[in-house]
Every structure is written in structure tokens, then in C-alpha cells.
Amino acid sequence: MAVHSGKSGAVYVGTEAVGEIKDWSLEETGAVVSSTTMGDEWTKNVATQKSWTSSFNAFFDEANAGQTALAVGGSITLNLYPDGNTTTQKYWSGDCIVTSVSKSASFEGLIEASFSVTGNGALTEATV
């Protein structure tokens, strides 16, 4: 069984790396509708459409082209690399819409930025 360390993970908007990434997450979901009819003892369901969302956090860097490309309402191509953007590594990619951007600061910490996107079509898995 292979295990992976997240320390080499990366997030890209198209070909631009999003700088100062701390963490990212990806969620795929599938909608279902009930096909249960009168007399059925157990609920029956049918799979319908799939969707995906992603969120990621970074230390704020206004000079990073990847971070500045993440404007709310913008359409982007997101690429998520669990083990870095190097040959033979798997990654996920898809077109999406930026749904939220937030920033937070503390007197005892660095300014952080959080980003969320919603898929706009299929999510694909590929190899670098």
C-alpha cells in the first residue's frame, strides 16, 4: 500500500502556481434521486449528476500570479497536485468558478488567504 506525504503538494491556476500554499482539499459528490415506489420495503435510489468542489489556504502574496488569478466569479482551470508537479505524478484538473476568497490577519501571525471553487464540468485525473 502506497502512502503519500502532503509536503510536496501544489495548486495551479492553469500553468501558474498558487504561491505559499498551506493545504488543499478536493471533494467529489454524486447526487441521487429516489426511485422508491409504493410497496417497496427499502428505499431505492438512482445516481444522477456528479459535482466537485475544492478549497485551499495560503499565506497571502499579492505579487503571486496564481493568487491574483483567483477573483470571485472568475472562471479558471484548477490543477491539484498531491505529490508535486513532477513527471509520473498523478493530479486532478477541471474548469471551475471561484466562489469565495477571504483573508485573515492576526497580530501574532502571517496574513492568510482562503479560496473556494466549484467545478464547472468534469474533474479529470491525469499523470504529469
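Let me begin with the surroundings of F59, which, once its neighbours within four places in sequence are left aside, is in contact with G19, E20, K22, Q67, L110, I111 and E112. This is a predicted model, so please hear every value that follows as computed from predicted coordinates. F59 itself sits in strand β4, which covers residues 45-59, and at 27% relative accessibility F59 counts as partly exposed, since the class of buried residues is reserved for those under 20%. For a sense of distance, F59 and K7 are 52 residues apart in sequence, and their C-alpha atoms are 15 Å apart in space.

Two of the partners of F59 deserve a closer look, and I will take Q67 before E20. Where does Q67 lie? Its place is in helix α1, residues 65-68, and the chain has one helix alongside eight strands. Q67 is buried, with a relative accessible area of 5%, and, not counting residues up to four places away in sequence, Q67 touches V18, G19, E20, A58, F59, F60, D61 and F115. One of these neighbours, G19, also offers a polar partner, in that the backbone oxygen of G19 lies 2.9 Å from a polar atom of the side chain of Q67. By contrast with that list of touching residues, Q67 and S54 are 13 residues apart in sequence and 15 Å apart in space, taken from C-alpha to C-alpha.

E20, which appears in the contact lists of F59 and of Q67, lies in the loop between β2, residues 16-17, and β3, residues 21-34. Its phi angle is near 65 degrees, a positive value in a residue other than glycine, and E20 is partly exposed, with a relative accessible area of 45%. A second residue with that kind of backbone angle is T88, where phi is near 75 degrees, again positive and again in a residue other than glycine. T88 is found in the loop between β5 and β6, and at 58% relative accessibility T88 counts as exposed, because the threshold for that class is over 50%.

That loop takes us to the strands on either side of it, and to a pair of polar residues. Which side chains are joined by a polar contact of 2.6 Å? They are those of S93 and N79, with S93 found in strand β6, residues 90-104, and N79 in strand β5, residues 75-81. At 14% relative accessibility S93 counts as buried, and N79 is buried as well, with a relative accessible area of 8%. The side chain of N79 has a further polar neighbour, since one of its polar atoms lies 2.9 Å from the backbone oxygen of G14.

The wider contacts of this pair are also worth setting out. Leaving aside neighbours within four places in sequence, S93 is in contact with T77, L78, N79, A122, L123 and T124. N79, counted in that way, touches A10, V11, Y12, G14, Y91, W92 and S93.

Staying with strand β6, I would add S104, which is found in that strand and which, at 44% relative accessibility, counts as partly exposed. Beyond its neighbours within four places in sequence, S104 is in contact with L110, I111 and E112, residues that also appear among the partners of F59. The C-alpha atoms of S104 and F60, which are 44 residues apart along the chain, are separated by 9.0 Å.

Let me now step back to the chain as a whole. From the N terminus on, its elements run β-β-β-β-α-β-β-β-β. The radius of gyration is 18 Å, well over the 14 Å that the globule rule gives for 128 residues, so the chain is more spread out than a compact globule. Along its principal axes, the C-alpha trace spans about 60 × 35 × 30 Å. Buried residues make up 23% of the 128 residues, and, of the contacts with a separation of 6 or more, 62% are between residues 24 or more positions apart.

I will finish with the surface and the charges. The accessible surface of the chain comes to about 8,300 Å², and 52% of that area belongs to carbon and sulfur atoms. As for charge, the chain has 6 positive and 14 negative side chains, and the centres of the two sets lie 6 Å apart.

How values were computed: Residues are numbered from 1 along each chain as its sequence is written. This is a predicted model: local features need pLDDT of at least 70, side-chain atom pairs count only at pLDDT 80 or more; totals for chains, interfaces and linings use all residues. Side-chain values use heavy atoms; hydrogens and water are left out. Helices (H or I, at least four residues) and strands (E, at least two) are DSSP runs, numbered from the N terminus. The radius of gyration is taken over C-alpha atoms; the globule rule is 2.2 Å times the number of residues to the power 0.38. Buried means under 20% relative accessible area, exposed over 50%, partly exposed in between (1.4 Å probe, protein chains only). Contact means heavy atoms within 4.5 Å. Accessible areas come from the Shrake-Rupley method with a 1.4 Å probe; for residues, only the protein chains shown count as cover. Lys and Arg count as positive and Asp and Glu as negative; His and the chain ends are not counted. The place of a charge is taken as NZ of Lys, CZ of Arg, CG of Asp or CD of Glu. A polar contact is a pair of N or O atoms within 3.5 Å; within protein, one must be able to donate a hydrogen and the other to accept it, and residues adjacent in sequence count only if both atoms are side-chain atoms.
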